[in-house]
Amino acid sequence: MPSKPPIASHSHALPSYLDPQHLGPWGIYLQQVDRVTPYLGSLARWVETLKRPKRALIVDVPIEMDDGTIAHFEGYRVQHNTSRGPGKGGVRFHQDVTLSEVMALSAWMSIKNAAVNVPYGGAKGGIRVDPKKLSRSELERLTRRYTSEIGIIIGPTKDIPAPDVNTNGQVMAWMMDTYSMNVGETSTGVVTGKPVDLGGSLGRIEATGRGVFTVGVEAAKHTGMPIEGARVAVQGFGNVGGTAGRLFAEAGAKVVAVQDHTGSIHNDAGLDVPALLAHVQETGGVAGFAGADQMQDAEFWSVPCDILIPAALEGQITAENAGRIQAKLVIEGANGPTTPEADDILHDNGVLVLPDVISNAGGVTVSYFEWVQDFTSFFWTEDEINDRLVRIMQNAFAGIWQVAQDNGVSLRTATFIVACKRILHAREMRGLYP
Ligand SMILES: NC(=O)c1ccc[n+]([C@@H]2O[C@H](COP(=O)([O-])OP(=O)(O)OC[C@H]3O[C@@H](n4cnc5c(N)ncnc54)[C@H](O)[C@@H]3O)[C@@H](O)[C@H]2O)c1
């Protein structure tokens, strides 16, 4: 039988709805897939599957504003891959949301879910809106209309949204209620990150920070770095950074520097983390905290420390500041905090980077627990949840560490190898329909 021509020769390299000159975050993701392809063996035959989303829905979200005018917002839901299970990923409300960004975030969810081996594909959603400019009732109308518009593709066994930037438990409660009203039954399992009284899970709020801490401890063990006395710098002291900072401090590390949107603070002897968390709760940020020196934001990156945790925004560690970083270990709490150029600089300087696709997977892992609890309507204790979370993160990290050692690659590439093989193996076994 003549051998079939490679499928790629019949395919367009890029979908026509993307501008090849401005690929945005999707371009970074494509580079990451290209980097891993040589390690996929015979599964590389299926790699095109990863380079295009399975489904991308763009919706118009019209709402009546409080002043009586009608506003239209652009909404998205992208299901990147569902070979391993239903789509899973957050919903972001931000004025800069684009299709390229949602596509990249949905693809990183496919990788993350496969890396920790939870039975999901990857998805993500968003609305191009600055929610801080909306009243509470406008935000509720926006959320409900968006949920109805994407209702044709989401569902507890189809695609399960969760909170992301600028969305929270209240937004998830409105999404759950809207979906339930539309299908005519209470459907708690359609979203995760819900309030505990509405089928949410204990431990969910802290889960991402706990996962960051867990992989950090595992990496420290492998590299012979004692946590006791280790100096930690944290960018972003919200849900992820605040929890990770607290857990490191409780384990005997010294949190010596913290930066957030209000400023940067420093104390070489170690900050009083519970007092700092209370200060942030009260004032909205770290600036003005007694018991610390204020410092220039640019100085934060060169602060002497052993562990650096970027837990704020994308694109924070760049070619400009990467060379000044003194930490031996960088744990990515945020999604996409390190640019590819900065990644190479850190690697050349011998800094070990624990990539977002494994480090911040604790959140989706406990989202998975929430979904399982919703199906059975039987809820676990916080200790059970934390124990299971730590076990999953430790096992995932051990597997990825071994792949990195075996192939002489970075932990980011190793995570992509493990995850892409799982996704493409599932694809191969399922086969193509029809
Ligand atoms: N919450 C989760 O479960 C979860 C899961 C996976 C990934 N993440 C990622 O982690 C990151 C942080 O999420 P979060 O839930 O902790 O958000 P959050 O809103 O609770 O906290 C964000 C923190 O970043 C700080 N920040 C904002 N702008 C800044 C700036 N310009 N410079 C320095 N600091 C700045 C804020 O002051 C705040 O301390 C995001 O990238 C998010 O996508 C979160």
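Lys-88 keeps plenty of company in this predicted model: leaving out residues up to four places away in sequence, Lys-88 touches Met-109, Asn-113, Tyr-120, Gly-121, Gly-122, Ala-123, Ile-160 and Val-364. With 29 C-beta neighbours inside 10 Å, and 20 being enough to qualify, Lys-88 counts as buried.

So where does Lys-88 sit? Lys-88 belongs to strand 3, which spans residues 87-94. Seven of the eight residues in that strand are buried, so strand 3 is largely enclosed by the rest of the structure.

Strand 3 pairs with two other strands, and here is how the pairings look side by side.

| Partner of strand 3 | Residues | Bridges | Direction | Example of facing residues |
|---|---|---|---|---|
| Strand 5 | 159-163 | Five | Parallel | Lys-88 and Ile-160 |
| Strand 4 | 122-128 | Four | Parallel | Arg-92 and Gly-126 |

Ile-160 thus turns up twice for Lys-88: as the residue opposite in strand 5, and among the contacts of Lys-88. To get from strand 3 to strand 4, the chain passes through helix 2 (residues 99-115), making a right-handed β-α-β crossover.

Now for the record. Which residues does the UniProt "binding site" annotation cover? The entry, which is unreviewed, lists Lys-88, Lys-112 and Ser-367. These positions are spread over 280 residues of sequence, yet they cluster in space, with a largest C-alpha distance of 12.8 Å.

Ser-367 lies in helix 10, which covers residues 362-376. Is Ser-367 buried or exposed? Ser-367 counts as buried, because 29 C-beta neighbours fall inside 10 Å. Setting aside neighbours within four places in sequence, Ser-367 is in contact with Ala-162, Thr-192, Gly-193 and Arg-204.

Then there's the ligand. The shell around the ligand holds 22 residues, and those that come nearest are Gly-236, Gly-238, Asp-260, Ala-334 and Gly-363. By chemistry, the shell divides into 13 polar, seven nonpolar and two charged residues. Glycine goes with the polar group in that split.

Which elements supply at least two residues of this shell? Helix 6 (239-250) and strand 7 (254-260) each do. Helix 6 gives the most, with three residues.

Technical notes
Residues are numbered from 1 along each chain as its sequence is written. This is a predicted model: local features need pLDDT of at least 70, side-chain atom pairs count only at pLDDT 80 or more; totals for chains, interfaces and linings use all residues. A residue is near a molecule or strand if its C-beta atom, placed from the backbone, lies within 6 Å of it. A residue is buried if 20 or more other C-beta atoms lie within 10 Å of its own, exposed if 12 or fewer, and partly exposed in between; C-beta atoms are placed from the backbone. Two strands pair if DSSP finds at least two bridges between them. A crossover is right-handed if, with the strands pointing away from the viewer, the path from the first strand over the helix to the second runs clockwise. UniProt positions are given in the numbering used here, feature names are shortened, and annotations may be inferred rather than shown by experiment. Two residues are in contact if their C-beta atoms, placed from the backbone, lie within 7 Å.
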